[in-house]
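Biologist: Could you give me a close look at the aromatic ring pairing in this one? Once you've done that, carry on into the interior and a few backbone spots, so I can see how it all sits together.

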Amino acid sequence: MTLQQGLAFGLIALTIGAFIWGRFRYDLVAAVALVAGLVLGVVPAEAAFDGFKNDVTVIIACALIVSAAFARSGIVEAAMRRVLPLLKTERSQVPVLTGVVTLLSMATKNVGALAIMMPVALQVARRTGSAPSRLLMPMAFGAMAGGMVTLVGTAPNIIVAQVRQEVVGQPFGMYDFAPVGLGLTAIALAFLAFGYRLLPRERQSAAVMNAALDANAYVTEVSAPDDWAPGSMTVSALMKSGEGEVRIMALIRNGRRRPNPRGNVVVKAGDILLVEGEQQGLEAFLARARLKLVRENRPIATESAAEEIAVIEAVVGRNSPLQGQSVRQSDLYGQHGINLLGVSRSGYELTQHLRTAKLASGDILLLQGAEQGLPTALKALDLLPLAEREVRLGSRRKRFLPAIVLAIAMILVGFGLVPVAVAFFGAAVVIVAMGGLKMREAYAALDGPLLVLIAALIPVSDAIQQTGGSELIAGLLRHVFSGLPGVLAICGVMLASMAVTPFLNNAATVLIVAPIGATLARQLGFNPDPFLMAVAVGAACDFLTPIGHQCNTLVMGPGGYKFSDYPRLGAPLSLLVLLAGPPLILLFWPLHV
């Protein structure tokens, strides 16, 4: 072992140790490792920032933006509207919800697919009394399994494709992972359909800030549009479309208010309804019923075309001039250029016309205004902004745009007409340019820690290969597997990936293990493709801990899971993948070409 190889191995060992220790953030550890590599001389200065311009980083960033737009569109909820009422028990809920998130993860990044379906699952659990702990972990595992099917489904596939480019001169294509991925996904879905019973039923969800804020029930006014078909909708029908999350407090017609209107009252074009609900429930209600917020159509003046319209929540302060004033008297739009979309008041039911309701200290207001002008207005009105979170009520959604753009991008890549990075970068730009996401939302969708982790570790992991370290480790492994059936070597590489990835980020695992697997294949005289596939599968199937994969981390709080809950379901699933994976890989990717 040369000095440079020893330094490279030592750097990787310390980096892995820091990851496992968990005392510091993953992205910080990766950045420090990159700096240390430069100081030690195992990372050349000219290659230090190659990871930030690498196609892998670009593809993952753009896939996150496309996934966020897909989630924002609401197309999944609309497609499942007729199915959800049929899901009465866990026996039907787990396979359906897990199946849907698995299918979505084949088209978008798996963590994005899970983020789309989690609110749906929690709503189903709340309506039927099912335990979220029985639903969410199978969905997370299904998302990871589905991510194995396409190139962009999960970060390990993207990184493995890049390693193949370096090894054989051509990356894996968009659907090269599909034969193995579909087989393993089918096995995973079959197991999860009944294996969820291994999970505890009674787990208390961890309280999070968004959950506390979501408990605020807003009162707002909505109107039936001019093209509302006469006699097509009654109050009871509208209440039913609210799925129990929205109350109709009053109906206002020709200036006259009818509190608590009867269910058989027909809603006519131009009628105004005073409705109450949590902001997410209200947003879904407006989309389903095709109603419009009364005040969102007043134009907001912006200082430049680049400035965006924001919707925020703020509390009426003790010294606010709004106290004791009605919405009409305060003239928020005329004086400050902001629209009041809703009011939340604890302990008192607002039933009068919103414009005549007198505001009080402690009221929570839902405000729409220019992004740069809102801070000045809040300060002048002594309004205290709540903790930052995504507020969608009052913002518009493009339902079909993300799905259409994503489908076009995947078709172009599938036929080899456009490189993956170019296709997904173009898809992200088109979606933002056409209003599928605001720029602010696109930036928020980017997972900064993940992108920094990958970009910083790419040159660090390259140090193992550049110094000959991969050759050294592969030579040691060659002596272990020499003379044994090739399937055992494949199994060993997959097992190594599966053993490491629960304690590292799966992207970091692939960056370290994939070059070693490719080198081992070459030294054994085998085709590197099945070895790279084994690395991708092993790194993607992180079912044992909540820290190795974002999907597992995402469901930990809402599911109320403990660390020990993951092996309950994950260990038998990992064993199934380890037994079925190597033969399945060799069926489609033979050892000799």
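Modeller: Happy to; I'll start with the rings and work outwards from there. Keep in mind that this is a predicted model.

The number of aromatic pairs comes to 7. Take F49 and F52: their ring centres sit 6.4 Å apart, with 50° between the planes. Tilted is the label for that pair because its angle is neither under 30 degrees nor over 60. As for surroundings, F49 is exposed, with a relative accessible area of 56%, while F52 is partly exposed at 44%. F49 gets the exposed label because its value is over 50%, and F52 ends up as partly exposed because its 44% falls between the 20% and 50% limits.

Now go to F191 and F194, which pair edge-to-face, 5.8 Å centre to centre and with 75° between the planes. Here the angle is over 60, so edge-to-face it is. Both of these rings belong to helix α9, which runs over residues 178–195. F191 and F194 are 3 residues apart in that helix, about one turn. F191 counts as buried because its relative accessibility, 9%, is under 20%. There's a cluster to look at as well: ring pairs link F172, F177 and W589.

On to the interior. You'll find 5 cavities of 30 Å³ or more in the structure. The largest one holds about 120 Å³ of space. Its lining takes 12 residues, and nearest the centre are I159, V163, E166, D462 and L511. Three helices, α8 (155–168), α19 (448–466) and α22 (506–524), each put at least two residues into that lining. Sorted by class, the lining of the largest cavity breaks down into 6 nonpolar, 4 polar and 2 charged residues.

While you're looking at α8, check the loop between it and α7 (132–147), where T154 lies. T154 counts as buried, since its relative accessibility is 1%, under the 20% limit. The side chain of T154 makes a polar contact with that of N110, at 3.5 Å.

If you're wondering about cysteines, a disulfide is a covalent bond between the sulfur atoms of two cysteines, and the structure holds 0 of them. Two cysteines to click on are C491, partly exposed at 23% relative accessible area, and C551, which counts as buried at 0%.

Lastly, the backbone spots. Most residues other than glycine have a negative phi. Against that background, N260 has phi near 45°, a positive value. You'll find N260 in the loop between β3 (256–259) and β4 (272–277), and at 51% relative accessibility N260 counts as exposed. D382 also has a positive phi, near 55°. That residue is in the loop between α15 (374–380) and β9 (383–385), and D382 counts as partly exposed at 24%.

One more stop if you're following the chain: K240, in helix α11 (residues 235–241). K240 is exposed, with a relative accessible area of 69%. Its C-alpha is 9.7 Å from the C-alpha of F285, although K240 and F285 are 45 residues apart along the chain.

Terms used: Residues numbered from 1 in each chain as written. Predicted model: local features only at pLDDT ≥ 70, side-chain atom pairs only at ≥ 80, totals over all residues. Heavy atoms only, no water. Phe/Tyr/Trp six-rings, centres within 6.5 Å; stacked < 30°, edge-to-face > 60°. Buried < 20%, exposed > 50% of the residue type's maximum accessible area, 1.4 Å probe, protein only. Helix = DSSP H or I, 4+ residues; strand = E, 2+ residues; numbered from the N terminus. 1 Å grid on protein atoms, 1.4 Å probe; cavity = no way out; pocket = protein on both sides within 12 Å on 5 of 7 lines; lining within 4 Å. Points joined across faces, edges and corners; volume = space filled by probe spheres on them. Nonpolar A, V, L, I, M, F, W, Y, C, P; charged D, E, K, R; others polar. Disulfide = S-S within 2.5 Å. Polar contact = N/O pair within 3.5 Å; in protein donor to acceptor, adjacent residues only side chain to side chain.
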